[in-house]
Amino acid sequence: MHRALSKGCLLFVLLFLTGWATKLLAQEDTLSLPIITIAEKPIFSGEQIDQVDKDVLHQQPATHVGELLAQSAGVFVKSFGGGSSATTSIRGGSAEHTRVLWNGLPLENPMLGQLDFSLLPAIFIDEVAVHYGGNTAAWGNGAIGGTVQLDNKTNWKKQNLIGQYTATNGAFGLEQQGLKIGYGNEKFQFINRVFYQKADNDFNYFISENLPRRQQTNAATKQWGSLQELHYRITPRQTLNAYFWYQTMDRQLPPHAAQTRSVAYQLDETKRLAADWQYAGDDWLVKAQAAWYEEDLRYVDSLIRLDDLSQFNTLLGQITGTKNIGKIHRLTIGVQETFYRAKTDLYENSITQNRLAIWSNWKTDWRRLSFDFSLRQEWQDGKHFPLVPSLGMVFRPWKWTTLRGRVSRNYRAPNLNALYYFPTGNPDLLPESGWSRELGLDIHFIKSENWTGRYSLTGFRRDIKNWIRWILPEGSFTYAPTNIAAVKSEGLEHRLELSGEAKNTIIKVSLGYNQLRSIHKKSINRPQIAAGSQLIYTPKQQFFSIIKINYQSAIFTFQHRFVGEVSTLNNNTLSEYHISDLTLGYSLKTKQWQHQLSLRVNNLWDKDYRVLERRGMPGRHLSFNINTEIR
Amino acid sequence: MKKLFTLLLLVIGLGLNAQVYFEDSVLPGAFINDSSPDTGFVFDNLFFPNSFTDCGEDCEFWSGWAISATTDVTTPGFMNQYSSIVGEGADGSHAYAVSYAFSESYVTLDREQTSGMVTLPSIHFTNSTYAYLSMRDGDGVAKKFGGETGNDPDFFLLTINTYLENVLQETIPFYLADYRFEDNSQDYILDEWMEVEFSNPEVDSVTFRLTSSDSGMFGMNTPAYFCADVFGNPLVLSVTNSNLSGLSLVNTLASSELIINSELDKNMDYQIFGISGQALQNGKINQGEQYLSIHNLPVGKYWIRVQHDGLQWTKGFVKQ
């Protein structure tokens, strides 16, 4: 059934595309300066989106995307600083409930079903956006808590040389250098980003009032990477983009605060090759993407004589076609085929997995009302996942008010470890699935020539059943994954944005406050989970803010975040904390160049806090950045 | 490992000794796990359950008991799960039993047998190297005892329950580590063999449950291992505590006569004990080489003890 269906889908897509291609050939000679009316990137109605501030991204080339999300979005990032791994929790979901798309392609590690955000250097990314809430039908497997979109942008207006050099030196042995160099014209853009970074991360942290601070040991990191981009505009309607991402990271793994020493280290090596071809008609667009990833993770702890290597490959092909129908409708159809191969000592054999997904989206913009409806069906090795719909609506009763809502069914497929970990992996695991609902209100309370102000409030609720947990079955002494848990998440998200421009001054203020209740609906014996208990490492409250003032050439950026109390794996609680960061900079522009110097004070108030149990965080520390680029 | 187990079966099968002791079953530096197709190991009338799954290189799942003679007291972690922190058995011998007791482990005593051990007066315990070093230094999962400040009132408790015909006889809490003292200098992690005596040796099963102050949602973080030795023979500890010099045992493997050499110009009493602690034979020892007839004893493991003026000398031997 799976084969027949997949062939049928492919045929449909081919016909769909071929029909357009014929039309295209007929049209091409007549189109001299086409007006492209279709957005490359799909926009779905009713989603709450946080965009990471571009200046913040620009000012911290030495950091990783996980850190940026923790600073400037309503995402809880589990990390203990330095080069430690960083995973996300959005709207009370697990790390596996965050879909991560790089230029539209999923990046997750299929063995873990999640992504380590510390392996995403900020210098490789031009835009970071968080789309909150479930929308599996549109974004794909695992988009339950939210979707993080990482994009590289092409500026076809940029002529000749593209150049940027950045260097950062900071506390705890941080040294980073990055170079973005390329050549571009209206037809062709070649960009190479390369970075090198090392840090000792030998900060000290608070233990207790009557004890000296403890210095972190065995925490050094060293990494370098390169992202090569080739963008070719074959015709004004047709573009070809290719990317090659290589990165290696060698990080020592420090002992936790209740551990005497550690000699462990982890080596990550990432190779990603991706290409896309895109053709835009007057009222339609087709995009074909292909990608190949190879990632190795080696964990070595000579103290306990452990040397473990896990490897995976991903081969992915995706075609999407979008067509405007009349003036108000738009139809998108997509098909994606993904092949995984994974190998580790934890599996009995090398594992392969095939996934085929087809989806469609209908969007209508009619006067003050927009709505979209998406539907996705996915098969994994012949087994079908739930058919997931998603319906979003936006209504603008007045110019200054927008009401939005979305209802969706979502799922997450079990990761390869849960399926094939030997001997307790369970190939019969079901995908986690459930419904999400959200309702939002946006009020543009200031909309003048120089000033804008927007407040938004979003309420959501999500129920997920068959949540996979590793449990100790009765009579067994080995943990095994099962579809045992059910989780209800509900909350409110407030956002306030003010931006304005006065004489020589640009001011932007962004505030966000999340209230979240994410609870287990039923009790589990082992792990000991009580019905009604909040998920671990899921704060009930989170606040973040950015105040940015550019006065003439001076730059002032103040960031503050608050994270509420969380419970931990060992039945302890970590106290809430407030953390502030301050960046002071000076920008110097010439006709050809733009230089920027900035000093960043992290943890401005020198607070002692912990994000993870038994893991201390650094106090106040500085970093200094120089950035030079061709204008 | 499987070869070693085959060797064990061969030893039993040859009938060299109906009462097989740990040290006779495993070579120094080795260990025995996986009792399949049997559900456990049998030593004398004691049954030690074992469940074992081999999942490839450096990968195994097991519970119950393994028999070990590994001696690594310095390597932390799972790969050194079979060593005792003492580096040897309780009687100074090379072998002992290791239990992985994530839920509970137990031994049973077949009292219906007409020979061999029918009572269980005591057992000796110590920590495994894995658990000891984890409690001392912490690891990727577990905390070092005392915690970040050294003041956490941590403990690693072995709760021993003895039963006779399913009726609970006794519950003994035995702390393998105890950091609950006000004075931190009294905190300890057991690093020697300690004997736990049962007030009533008439038991037919004993259960062992480990609990730790370092526990979370997934249960205990402290590695759930302990080591045990000298099931039922209170004399063995005294082997290492022998304080009467001038005596030596010439043949530790004997068929009909035991040869004792005494340099002491004294007339002393001796006793020969079986595994269950029963005195089976007694007599006198004089100066010079003595030939003690043991032809009435069945084949098996025995101890001879000589006492004089509050001092004692004890040695083990095997009747072939």
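Colleague: Before we turn to the strands of chain A, what makes two strands count as paired?

Modeller: Two strands pair if DSSP finds at least two bridges between them. The model before us is a predicted one. In it, strand β24 (residues 432-447) of chain A is joined to strand β25 (residues 451-471) of chain A by 14 bridges, and the two run antiparallel.

Colleague: Which residue of β25(A) is the bridge partner of His444(A)?

Modeller: The partner of His444(A) is Arg454(A). The connection from β24(A) to β25(A) is a hairpin of three residues. On from there, β25(A) is joined by 19 bridges to strand β26 (residues 480-502) of chain A, again with antiparallel strands. Within that pairing, Arg461(A) has Glu490(A) in β26(A) as its bridge partner.

Colleague: How should one read the backbone angle of Asn466(A)?

Modeller: As a general idea, most residues other than glycine have a negative phi, and most peptide bonds are trans. Asn466(A), which is not a glycine, has a positive phi of about 60 degrees. This residue is found in strand β25 of chain A.

Colleague: Where is Arg367(A), which also takes a positive phi?

Modeller: Arg367(A) belongs to the hairpin of β19(A) and β20(A), which has two residues between the strands, and its phi is near 50 degrees. The bridge partner of Trp366(A) in β20(A) is Leu369(A). Strand β19(A) and strand β20 (residues 369-380) of chain A pair in the antiparallel sense over 12 bridges. Strand β19 (residues 351-366) of chain A also pairs with strand β18 (residues 329-343) of chain A, antiparallel and over 14 bridges. There, Thr338(A) is matched with Arg355(A) in β19(A).

Colleague: Which peptide bonds deserve inspection as cis?

Modeller: One of them runs from Phe422(A) to Pro423(A), with omega near 5 degrees. Pro423(A) is found in the loop between α5 (416-420) and β24 of chain A, and β24(A) is the strand that pairs with β25(A). In chain B, a cis peptide bond joins Ser36(B) and Pro37(B), with omega about 10 degrees. Pro37(B) lies in the loop between β1 (31-32) and β2 (40-43) of chain B.

Colleague: What is the strand order of the open sheet in chain B?

Modeller: The order is β16-β18-β21 (chain B), three strands with antiparallel pairing. Strands β16 (247-249) and β21 (288-293) of chain B stand at the edges and each has a single partner strand, so one side of each is left without a neighbour in the sheet. From one strand to the next, the twist averages 25 degrees. Six bridges join strand β18 (residues 257-262) of chain B to β21(B). As one register point, Leu258(B) has Leu292(B) in β21(B) as its bridge partner.

Colleague: How many salt bridges does a search of the whole structure find?

Modeller: The search finds 44 over all chains. One of them involves Glu493(A) and Arg91(A), with the closest N and O atoms 2.8 Å apart. This pair links distant parts of the chain: Glu493(A) is in strand β26 of chain A, whereas Arg91(A) is in the loop between β3 (87-89) and β4 (98-102) of chain A, 402 residues apart.

Colleague: What area is buried between chain B and chain A?

Modeller: The size of an interface is often given as the accessible area lost when the parts come together. Here that area is about 2,700 Å², of which carbon and sulfur atoms give 58%. On the side of chain B, Glu148(B), Met217(B) and Phe218(B) lose the most area to chain A, together 31% of what that side buries. The contact takes 34 residues from chain B and 31 residues from chain A.

Colleague: Which polar and charged interactions cross between the two chains?

Modeller: Between chain B and chain A there are three salt bridges. Among them is the one from Arg610(A) to Glu148(B), whose closest N and O atoms are 2.7 Å apart. There are also 12 residue pairs in polar contact between the chains, counted with both residues at pLDDT 80 or more. On the side of chain B that touches chain A, the elements that give two or more residues are β3 (46-54), β4 (60-68), α3 (129-137) and β13 (215-216) of chain B. The residues of that side divide into 11 nonpolar, 14 polar and nine charged.

Terms used:
Residues are numbered from 1 along each chain as its sequence is written. Chains are lettered from A and ligands numbered from 1 in the order in which they are written. This is a predicted model: local features need pLDDT of at least 70, side-chain atom pairs count only at pLDDT 80 or more; totals for chains, interfaces and linings use all residues. Side-chain values use heavy atoms; hydrogens and water are left out. Contact means heavy atoms within 4.5 Å. Buried area is the accessible area (1.4 Å probe) that two parts lose on being put together, summed over both. A salt bridge is a side-chain nitrogen of Lys or Arg within 4 Å of a carboxyl oxygen of Asp or Glu. A polar contact is a pair of N or O atoms within 3.5 Å; within protein, one must be able to donate a hydrogen and the other to accept it, and residues adjacent in sequence count only if both atoms are side-chain atoms. Helices (H or I, at least four residues) and strands (E, at least two) are DSSP runs, numbered from the N terminus. Ala, Val, Leu, Ile, Met, Phe, Trp, Tyr, Cys and Pro count as nonpolar, Asp, Glu, Lys and Arg as charged, and the others, Gly among them, as polar. Axes are lines fitted to C-alpha atoms, for helices over the stretch in contact, and angles run from 0 to 180 degrees between N-to-C directions.
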